Amino acid sequence: MSSNVVPVPNEENIIIISQHDQNKLHKTKLSFIDTVSFIKDIIAKLDIKKVIHSVKVGIALVLVSLLYLLDPLFQKVGQNAMWAIMTVVVVFEFFIGATLRKGINRAIGTLLGGGLGCLAAILADESGEIGGALVVGISVIIIGVGATYSRLIPSVKKKYDYGVMIFILTFSLVVVSGVRADKIMKLAGERLSNIGMGFAVCIFTSFIYPIWAGDELHFSTATKFDKLATSIQGCLEEYFVIANDKEKKATIDISGCKSVMHSKSSDESLVNFAKWEPWHGKFGFFYPWEKYLNIGEVLSELAAMIISFKGCIQSVRQSSPTERDNIREPCEKIGLSLATILMELGDSIRDMKRCRAKSLITQCMREELSLLVNLDNNNNSTDNESTLGLASFIFQILEMMDKVELLATKVEELGEIAHFHNKKLDV
């Protein structure tokens with residue numbers, strides 16, 4: 001083996017490290033660096049909010065498990081402690097509003113189901129063996145049919161579906177088990193208290209680094225305006241970039257438009273959760289969350305128009321490069337104005353400050369619109385397909401202008417109801 005060695009001083013003597021050992025140490029060091037780098041990459045990809053939620057669920061399970069682990073507590077609650085653990089597992093949700101909604105629904109459903117179940121069980125116990133069986137059967141049928149039908153009503157299903165389900169479950173368990181239970185009231189009280197303890201643990205843990213559905217809805221709605229503004233600018237830029245090459249395909253990124261179109265169900269869930277949340281930050285009680293759904297619907301319609309606009313740009317029947325150059329200046333001004341107004345509307349919602357974007361549409365864009373229409377009317381092209389393509393392009397712009405104007409109206413209405421602060425917009 002090579003005699004190349006490196007002396008390393010020690011307290012008492014000198015250790016001689018061979019070249020082979022140096023290579024092993026070097027490889028070990030590289031392996032450690034690679035591992036640390038890999039761990040950093042994994043952490044960077046993690047969603048911090050999801051990590052926080054997962055940690056909170058773990059803390060809640062540990063706290064509620066103390067009912068089993070600590071003898072003094074276990075002697076008081078007994079085996080009914082499983083209801084507290086079950087409540088934490090079932091009720092704890094990502095957003096505080098979702099946790100509150102589910103917990104309150106569970107509490108109300110348990111109280112009503114347990115109370116009616118106890119009454120039915122006591123009545124069955126006093127009716128004798130045959131009469132008791134009839135009472136149990138008839139009560140279960142009536143409650144089961146009525147409660148199940150109520151779950152199918154849209155307004156009930158939207159807000160109280162989980163509570164009705166727990167009501168059916170609790171009533172059935174109590175009334176059936178109560179036929180042979182001498183201490184049905186005591187058993188029901190113990191279960192209710194354990195469910196209450198589990199819910200209390202959920203609420204306490206939820207307010208550690210709280211994740212608010214209202215905040216998520218507010219900022220996601222503001223972000224949608226930026227996505228659509230970027231898409232409109234990209235469409236117009238691409239339209240004039242390919243003016244000299246009709247065979248070139250547009251490469252516009254409309255993923256933001258698609259995400260806006262597919263966000264309706266998510267927004268509805270966030271609105272339902274936000275209504276259950278207490279006063280936090282700038283969002284007080286009775287905040288107009290429904291207005292966000294109205295704005296979201298108009299944003300979805302505008303996103304669909306932009307996707308259609310992209311198809312218009314990609315059409316082989318579009319006008320010639322010369323005709324496009326004739327309308328380039330007013331189109332670019334209108335596109336820039338639309339994008340600017342959308343961004344201002346997004347900032348207005350994000351900062352909760354009023355802006356006069358609607359007046360900007362009237363002041364800055366009507367003249368350009370008139371010029372654009374006149375250019376189209378003065379088009380002397382003999383190519384019908386080219387004329388139709390140019391008219392379709394201008395029509396799409398007009399439709400988007402109307403939709404942006406409607407959005408400005410909706411945002412102004414939200415600002416009035418939610419008491420946005422005044423904001424001066426630079427022209």
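Helices are DSSP runs of at least four residues, numbered from the N terminus. The model examined here is predicted.

A nonpolar patch of about 1000 Å² lies on the surface. Helix α2, residues 48-69, gives the largest share of this patch, with seven residues. The patch is made by I48, V51, V55, I59, L63, L66, L69, L70, F204, I208 and Y209. V51 sits in helix α2. Its relative accessible area is 32%. V51 is therefore partly exposed, since that class runs between the 20% and 50% limits.

Y209 also belongs to the patch. This residue lies in the loop between α8 (184-206) and α9 (213-241). Its relative accessibility is 63%, so Y209 counts as exposed, the cut-off being over 50%. The backbone of Y209 is notable as well. Most residues other than glycine have a negative phi. Y209 is not a glycine, yet its phi is positive, about 50°.

M352 has a positive phi too, about 55°, and is likewise not a glycine. M352 is found in the loop between α13 (321-351) and α14 (357-377). Is M352 buried or exposed? Its relative accessibility is 6%, so M352 counts as buried. Buried means under 20%.

N272 is placed in helix α11, which covers residues 264-274. At 10% relative accessibility, N272 is buried, because the value falls under the 20% limit. Residues up to four places away in sequence are set aside for its contacts. With these left out, N272 touches R101 and K158.

Methods:
Residues numbered from 1 in each chain as written. Predicted model: local features only at pLDDT ≥ 70, side-chain atom pairs only at ≥ 80, totals over all residues. Heavy atoms only, no water. Helix = DSSP H or I, 4+ residues; strand = E, 2+ residues; numbered from the N terminus. Buried < 20%, exposed > 50% of the residue type's maximum accessible area, 1.4 Å probe, protein only. Contact = heavy atoms within 4.5 Å. Patch = residues over 30% accessible without salt bridge, like charges linked within 9 Å, V, L, I, M, F, W, Y side chains within 5 Å. Areas by Shrake-Rupley, 256 points an atom, 1.4 Å probe, with all protein chains shown as cover. Salt bridge = Lys/Arg side-chain N within 4 Å of Asp/Glu carboxyl O.
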